[in-house]
Every structure is written in C-alpha cells, then in structure tokens.
Amino acid sequence: ASDLELNISAENDFTIALRKLLNTNVELRKKVLKYPGALPMLFQYNPSDFLFETADNGELIITICRPGYVAPKIRYNLHDKGHILSLQDLYTMLDELGLQHDLLPKPRTDLPVLFHYGRADMSVSFFGSTISPVDIQETIYNVPLLVSLVNNFCLAADEDEEGNKTLVISLESNPDVNARGLDEAAIAEIFFETLSKVNQDFREASRMVNNSRQLVLKFYEHQTGPFENSDIRIKAKYLNR
C-alpha cells in the first residue's frame with residue numbers, strides 16, 4: 001500500500017503456518033474467516049503504529065499512529081477487504097475446536113493477525129456469487145500450466161438485454177508465449193473447475209449456468225486487448241469495463 005505506508009505488516013513462520021492450517025482444516029476456516037473465496041493473506045502488525053478498523057462493508061480503514069508525518073493518514077480507506085484477530089481470540093477458537101496449540105509454531109510476538117482478502121472494489125457478481133481478483137489469482141496458481149503462461153488478468157460479468165449473464169475472464173499471456181496456439185476450450189474447463197474449488201459460492205452459482213457460453217475464458221497476446229495500455233508501474237485494474 002505505497003499510497004499509505006510501506007511495511008505496514010509482515011508474514012512470518014507463524015502466519016504462514018496458520019494459513020496452511022486454515023487451508024487444510026475446514027472447521028477452523030469456517031470459524032476464523034469472514035468471507036468466502038480464496039484464502040486471505042495473513043500478516044502480523046504493530047498496533048502501536050497502525051490502527052485497523054473494519055467498515056460495515058468489510059473494508060479496512062487504517063490510521064497511522066506515528067507522529068511527525070507531513071501528510072497524516074487518518075481513517076484511510078484503501079478499499080481492501082479484511083479484518084484483524086488477536087492471538088488470544090485465535091487460541092480460544094483453537095480450544096473450542098479441540099485443536100492443540102502446537103499445531104502452530106510459537107509466535108515470536110503477541111501482535112495481532114491481519115487477514116487481507118484483497119481489493120473490495122474490484123469484484124464482480126455472478127448469479128449471487130462474488131468473484132474477486134484474489135479468487136482468479138488463486139485459481140491461476142493452482143493450474144500449473146497457467147502459472148507459466150499468464151502475465152496478467154482481468155474479469156467482467158456481462159449481461160445482455162434479456163438478462164443472460166456471462167462471466168468473462170481475460171488472461172494476458174507472457175511475452176514469450178503464443179496465445180493463438182493454445183487449446184482455450186480445454187484450459188477453460190480446467191480453469192472454471194478449479195475456480196469452483198477456490199470459491200464455494202461460485203461452485204453453487206455455476207449450477208445455475210445452463211449454457212457453457214456463459215463461462216468464458218479468453219487469452220490475449222501480451223499487451224493486446226484489455227491489456228494494451230497496461231503499465232507495471234501503476235496498480236493493476238482487474239475489472240474489464
């Protein structure tokens with residue numbers, strides 16, 4: 001969050017282990033996480049430096065507590081979705097599920113945990129499910145073929161005059177990849193099957209799809225189509241409008 005402050009929070013052995021435990025333990029995931037879809041990123045942060053609040057819509061509101069800033073940030077909204085959890089509350093949840101504390105390495109500090117779900121203002125709605133850029137990113141990471149092929153992506157939910165919805169995922173290929181030679185239909189089948197595992201709400205919503213053309217995966221050559229004017233120095237815009 002370069003427009004706010006650098007080094008707001010950090011990953012460590014404890015947060016990485018906790019994320020892995022959430023990935024494998026469904027009951028703990030239901031108890032700890034607040035939003036469906038891909039697993040959030042987990043960090044620890046110093047509450048004497050940063051005050052985190054969560055708005056009613058789930059967006060993080062951050063205040064920098066350090067004095068001496070030329071441009072102080074007070075209740076600054078990055079439009080990222082997330083929440084915080086104290087270590088005491090986390091261990092209470094483990095106890096309620098009968099999970100041993102030694103499933104996690106002992107943290108070096110008692111700093112609270114920040115759960116970061118990604119951008120809140122770059123999601124699309126598809127038959128009642130909310131699909132975020134984090135869901136698409138997680139899906140790409142879970143399809144080995146795409147990891148080496150994809151440079152960037154964007155998503156859109158289109159609707160025609162009769163109310164028929166179409167989910168369109170656009171993928172930009174890496175500079176050294178010829179997107180024209182790919183079997184898009186086969187890759188699309190794997191992609192949306194993986195997305196349904198990442199986002200449970202999408203899995204339910206996809207049952208309402210009665211036409212395979214309502215789920216579209218498009219490949220574009222590097223810096224063509226919706227990616228024509230992309231610039232790595234500027235924050236990515238994941239919605240294709």
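Start by selecting residues 165-173 and 215-220: these are strands E10 and E11, which run parallel and are joined by six bridges. A strand here is a DSSP run of type E with at least two residues, a helix is a run of type H or I with at least four, and both are numbered from the N terminus. Two strands count as paired if DSSP finds at least two bridges between them. For one bridge to look at, click Leu171, whose partner in E11 is Phe219.

Helix H4 (residues 133-141) packs on this sheet, where H4 touches E9 and E10. Touching means heavy atoms within 4.5 Å. The direction of H4 makes about 130 degrees with that of E9. Such angles run from 0 to 180 degrees between N-to-C directions, with axes as lines fitted to C-alpha atoms, for helices over the stretch in contact. Next, show helix H6 (residues 184-198), which packs on the sheet against E10 and E11, at about 125 degrees to the direction of E11.

Before moving on, a word on what you're looking at. This is a predicted model, in which local features need pLDDT of at least 70 and side-chain atom pairs count only at pLDDT 80 or more, while totals for chains, interfaces and linings use all residues. Residues are numbered from 1 along each chain as its sequence is written, and side-chain values use heavy atoms, with hydrogens and water left out.

Now bring up the whole sheet. Its three strands come in the order E9-E10-E11, forming an open sheet with mixed pairing. Strand E9 (150-159) and strand E11 (215-220) are at the edges with a single partner strand each, so one side of each has no neighbour in the sheet. From one strand to the next, the twist averages 20 degrees.

**Over to the other sheet**

Here you'll find an open, antiparallel sheet of six strands, in the order E1-E2-E6-E5-E4-E3. Its edge strands are E1 (9-10) and E3, each pairing on one side only. Add helix H3 (residues 87-96): H3 packs on the sheet, touching E2, E5 and E6, and its direction makes about 50 degrees with that of E5.

Zoom in on strand E6, residues 113-119. Is E6 mostly covered or uncovered? Mostly covered: six of its seven residues are buried. Buried means under 20% relative accessible area, exposed means over 50%, and partly exposed is in between (1.4 Å probe, protein chains only).

Then look at the neighbours of E6. Strand E5 (residues 76-85) runs antiparallel to E6, with six bridges joining them; Ile84 has Leu114 of E6 as its bridge partner. Strand E2 (residues 41-45) also pairs with E6 in the antiparallel sense, over four bridges, and Gln44 stands opposite Val113 in E6.

**Salt bridges**

Switch on side chains. How many salt bridges are there? The count is seven, where a salt bridge is a side-chain nitrogen of Lys or Arg within 4 Å of a carboxyl oxygen of Asp or Glu. Here are some to click on:

- Glu53 and Arg75 form a salt bridge, with the closest N and O atoms 3.0 Å apart. Glu53 is in strand E3 and Arg75 in the loop between E4 and E5, so this pair ties together parts 22 residues apart in sequence. Glu53, at 27% relative accessibility, is partly exposed, and so is Arg75, at 49%.
- Asp49 and Arg66 meet in a salt bridge at 3.5 Å, N to O. This pair links distant parts of the chain, 17 residues apart: Asp49 is in the loop between E2 and strand E3 (50-54), and Arg66 in the loop between strand E4 (59-64) and E5. Arg66 is partly exposed, at 31% relative accessibility.
- Glu27 and Lys30 form a salt bridge within helix H2 (residues 26-32). Their closest N and O atoms are 4.0 Å apart. The two residues are three apart, about one turn of the helix. Glu27 is partly exposed at 47% relative accessibility, while Lys30 is exposed at 62%.
- Arg203, Glu204 and Arg207 are linked in a network of salt bridges.

**Zoom out**

Go back to the cartoon view of the chain, with its seven helices and eleven strands. Of its 241 residues, 42% are buried. The C-alpha trace spans about 50 × 50 × 40 Å along its principal axes.
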